[in-house]
Every structure is written in C-alpha cells, then in structure tokens.
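Trainee: I would like to learn how to read a model of this kind, feature by feature. Where should we begin?

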Amino acid sequence: MYLEKRIDLLVGLGEYCLSGAPVWEATKQRAHAHNGWFIPEFIEEAVRQIVRNFLQRDALAVWAKRYDLPDRQATPRTVGLIMAGNIPLVGFHDLLSVFLSGHRQLIKPSGRDEVLIRHLVERLVAMDPGVAEWIGFAERLNGCDAYIATGSNNSARYFDYYFGKYPHLIRRNRTSVAILTGEETRDELEALADDVNLYFGLGCRNVTQIAVPANYDFIPLLEVFKKYEYLADLAKYRHNYDYQLTLLILNKKYYMTNGSILLAENASPFSPISVLHYVYYPKGEIPALPEASGEIQCVVGRGHIPFGQAQQPGLTDYADGVDTMEFLRIFKGGF
C-alpha cells in the first residue's frame with residue numbers, strides 16, 4: 001500500500017471520527033459502559049485531539065517527509081504493539097506510526113481500551129479491505145519482528161524478559177509536573193486545571209505535582225479548579241476522593257480542598273486520583289527541573305509547555321521522549 005493511500009485513509013478516518021455516524025456514537029457509548037473511567041466528555045476530548053493534531057493531511061505529509069518514508073516498504077516487517085488503557089485511545093499514536101511507516105502490526109489492546117481502537121481499525125478496513133493485511137489483533141504476539149510495549153514498571157520487567165532479544169521500545173510509568181511562579185493569570189490557572197483534571201489525571205501527560213514558591217497563595221488555584229467540580233458527582237471519582245481524604249485525616253496530614261480535589265504536600269510526582277501533590281521552592285530561585293529522574297513526561301509552565309497544552313501532543317511528541325518513527329525507520333538493534 002502506497003504512502004499517499006495510507007495518508008488518504010488516515011485523513012478519511014479523521015473525518016469519520018467527527019461525522020457523528022450512529023455506529024460511531026454507539027461505539028463511544030459502549031466504550032463508556034465497558035470502562036467507567038472513559039466518561040463521554042473525555043472520550044470526545046481524546047477523539048478531538050487525535051483528529052486535530054494527528055489526522056490532518058498536511059501534518060501527516062510533513063511527518064512522513066521528516067523521516068523520508070518510502071512510498072512502499074521493500075521488506076515490510078511485523079511490529080507487535082502492546083497498548084496501555086489508562087486513557088481513551090492512548091495507543092492510537094503507535095498504531096498510526098506503524099501504519100504510516102508501511103510496516104505490518106499485530107495489536108494486543110488493553111482490556112480497558114479495546115472497544116474504541118478495534119472499531120477504528122474496523123473502519124479503516126471498511127474503507128479499504130486491504131488494511132486487514134496490515135493491521136491485526138491477537139492475544140499473544142508471537143512471531144513479530146519488533147515490539148512496542150507500554151505498561152507499568154512491573155509489566156516493563158516482564159516485557160524486557162520476553163522481548164529483550166528483539167528490537168523493542170518498552171515504556172514505563174511516567175507523569176507530568178508544573179512549575180508555578182505565583183504570577184499566573186486566571187486564564188493560565190484555568191488551563192492548568194485541564195492539565196490536571198482531564199482523564200481524571202490518569203495520563204502520563206497529566207500534571208500530578210506542582211512546584212510553587214514559598215508562601216504561595218493556593219486560594220485562586222482552588223477557585224479555578226472548580227471548573228471540574230462536577231467530577232465529584234461521579235461515583236468512581238468520589239470514592240477515590242473520600243478514600244484519599246480519609247487517609248489524610250487519619251494520618252494527620254495537612255491538606256487543602258475545594259470539595260472536588262485534594263492538595264497535599266508530597267515530594268512524589270505521582271499522585272492518586274483526586275489528589276494533586278505540591279512542593280515548595282525558595283521564592284526568587286529557579287526550581288530544579290525533574291526530567292532527569294526518568295519519571296517525567298512533561299514540564300508545564302512559563303518557559304516550558306504552555307498551560308493547557310499538556311494533553312494536546314503533536315505527532316512528534318513521543319511517549320517517554322523516544323522517537324517511535326526513528327525506531328520504525330531504521331530498527332536499531334539489527335531488525
């Protein structure tokens with residue numbers, strides 16, 4: 001299948017995602033029923049982001065040109081994809097990367113996010129039956145030439161053991177942080193609310209810890225975060241909020257809340273659902289950046305990723321900072 005045809009199909013898929021087709025609307029409802037964390041608002045946001053930032057003809061053409069992708073791979077290989085399921089369609093970028101590169105792929109979707117991804121592949125096959133030769137699903141990814149696997153730190157050890165002898169990309173736990181100066185505008189804080197609360201904070205690009213100057217005034221932040229106070233009305237989220245609040249009270253930990261999110265001082269960049277960690281840095285000093293820890297996907301703030309953009313990645317914003325397309329282009333490791 002030629003590169004131009006692959007781009008045509010991807011653009012057509014984007015148009016379908018925005019079409020409001022009854023079968024697509026029913027699929028999104030089924031995805032929510034399958035996984036209660038995939039509320040309709042967040043499914044729609046994930047789909048809009050994919051269409052706006054990934055499935056545009058000009059963007060795809062520039063992306064392909066950047067890697068000098070051939071019209072057709074002379075010797076297409078099979079790449080096994082193990083997808084995560086923490087947020088809706090989180091594995092779509094990997095599917096997109098392999099498909100555009102001209103290689104075959106065999107997908108093991110997460111049980112938490114298989115409804116949407118399977119349907120979109122079915123749609124591609126409906127648009128061109130030949131796609132079935134390039135994208136498939138399997139419970140066991142035997143016989144692949146390379147692997148891209150996303151999971152937890154524990155599952156990464158498993159992946160390392162089984163896939164270590166093959167060319168591979170293995171992704172682990174990551175999260176994101178924000179650096180505040182205390183001079184942010186209300187609009188910037190409202191945008192930060194998106195970085196924190198979209199997808200219940202479950203994505204690696206969600207901000208789960210903020211660094212603030214000494215004597216920082218948290219009141220404006222808590223006020224604008226009421227933008228997402230409706231989350232507290234959702235049973236799954238409320239259960240987490242009540243549980244975390246109970247732990248803080250029992251452990252006599254200082255906390256702040258607006259009734260829908262808990263702020264607690266904690267050095268860990270990873271925070272539970274409904275909790276945002278914060279750390280202080282001396283006012284007037286530049287806080288140390290945490291990227292070197294290997295746990296940070298994004299740093300949000302002035303001079304970094306703009307507020308509100310953490311969950312708006314482009315085609316070249318690769319997970320774990322590892323260039324997926326470069327891996328697929330040259331297959332380091334002897335592929």
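Mentor: Let us begin with a single residue. This is a predicted model, and Pro 109 sits in the loop that runs between β2 (104–108) and α6 (115–127).

Trainee: Is Pro 109 buried or exposed?

Mentor: The general idea is to compare the relative accessible area with a cut-off: under 20% means buried. Pro 109 has 9% relative accessibility, so Pro 109 counts as buried.

Trainee: Which residues is Pro 109 in contact with, leaving aside neighbours within four places in sequence?

Mentor: Pro 109 is in contact with Met 83, Glu 114, Ile 117, Arg 118 and Phe 137. A contact list can be read beside a distance between C-alpha atoms. His 93 is 16 residues from Pro 109 along the chain, and their C-alpha atoms are separated by 13 Å.

Trainee: Let us take another proline. Where is Pro 269 found?

Mentor: Pro 269 belongs to the loop between β9 (262–265) and β10 (275–281). Its relative accessibility is 13%, and with the cut-off for buried at under 20%, Pro 269 therefore counts as buried. Apart from residues up to four places away in sequence, Pro 269 touches Thr 175, Val 177, Thr 208, Gln 209, Glu 295 and Ile 296. As for distance, Pro 269 and Ile 39 are 230 residues apart along the chain, with 25 Å between their C-alpha atoms.

Trainee: And Pro 306: where is it found, and what does its relative accessible area say?

Mentor: The loop between β11 (296–300) and α11 (324–330) holds Pro 306. Its relative accessible area is 48%, so Pro 306 is partly exposed. Leaving aside neighbours within four places in sequence, Pro 306 is in contact with Asp 195 and Val 300. From Pro 306 to Met 1 there are 305 residues along the chain and 38 Å between the C-alpha atoms.

Trainee: What should I look for in the backbone angles?

Mentor: One thing to look for is the sign of phi in residues other than glycine. Tyr 199 is not a glycine, yet has a positive phi of about 60 degrees. Phe 200 also has a positive phi of about 60 degrees without being a glycine.

Trainee: Where does Tyr 199 lie, and where is Phe 200 found?

Mentor: Tyr 199 lies in the loop between α8 (186–197) and β7 (207–213), and Phe 200 is found in the loop between α8 and β7. Tyr 199 counts as buried at 4% relative accessibility, and Phe 200 is buried with a relative accessible area of 6%.

Trainee: How do I read a residue in a strand, such as Thr 150?

Mentor: Read its element, then its partners. Thr 150 is placed in strand β4 (residues 146–150). Beyond residues up to four places away in sequence, Thr 150 touches Ile 82, Met 83, Ala 84, Asp 94, Phe 159 and Arg 171. Ile 170 is 20 residues from Thr 150 in sequence, and 6.0 Å from Thr 150 in space, C-alpha to C-alpha.

Trainee: Now the pockets. What volume does the largest pocket have?

Mentor: The largest pocket has a volume of about 1000 Å³. It is lined by 46 residues, of which Ala 84, Asn 86, Val 90, Gly 203 and Cys 204 are the closest to its centre. The elements that give two or more residues to this lining are α3 (40–53) and α5 (92–101). Sorted by class, the lining of the largest pocket has 20 nonpolar, 18 polar and eight charged residues.

Trainee: And the second largest pocket: which residues are the closest to its centre?

Mentor: Its volume is about 380 Å³. Among the 16 residues that line the second largest pocket, Ile 82, Arg 140, Leu 141, Tyr 158 and Phe 163 are the closest to its centre. Helix α7 (residues 153–163) supplies the largest share of that lining, four residues. By class there are 10 nonpolar, three polar and three charged residues in the lining of the second largest pocket.

Trainee: Last, the whole chain. How many helices and strands are there?

Mentor: The protein has 11 helices and 11 strands. The radius of gyration is 21 Å, close to the 20 Å that the globule rule gives for 335 residues, so the protein is as compact as a globular protein of that length. Along the principal axes, the C-alpha trace spans about 60 × 45 × 35 Å. Of the 335 residues, 52% count as buried.

Technical notes:
Residues numbered from 1 in each chain as written. Predicted model: local features only at pLDDT ≥ 70, side-chain atom pairs only at ≥ 80, totals over all residues. Heavy atoms only, no water. 1 Å grid on protein atoms, 1.4 Å probe; cavity = no way out; pocket = protein on both sides within 12 Å on 5 of 7 lines; lining within 4 Å. Points joined across faces, edges and corners; volume = space filled by probe spheres on them. Nonpolar A, V, L, I, M, F, W, Y, C, P; charged D, E, K, R; others polar. Rg over C-alpha atoms; globule rule 2.2 N^0.38 Å. Buried < 20%, exposed > 50% of the residue type's maximum accessible area, 1.4 Å probe, protein only. Contact = heavy atoms within 4.5 Å.
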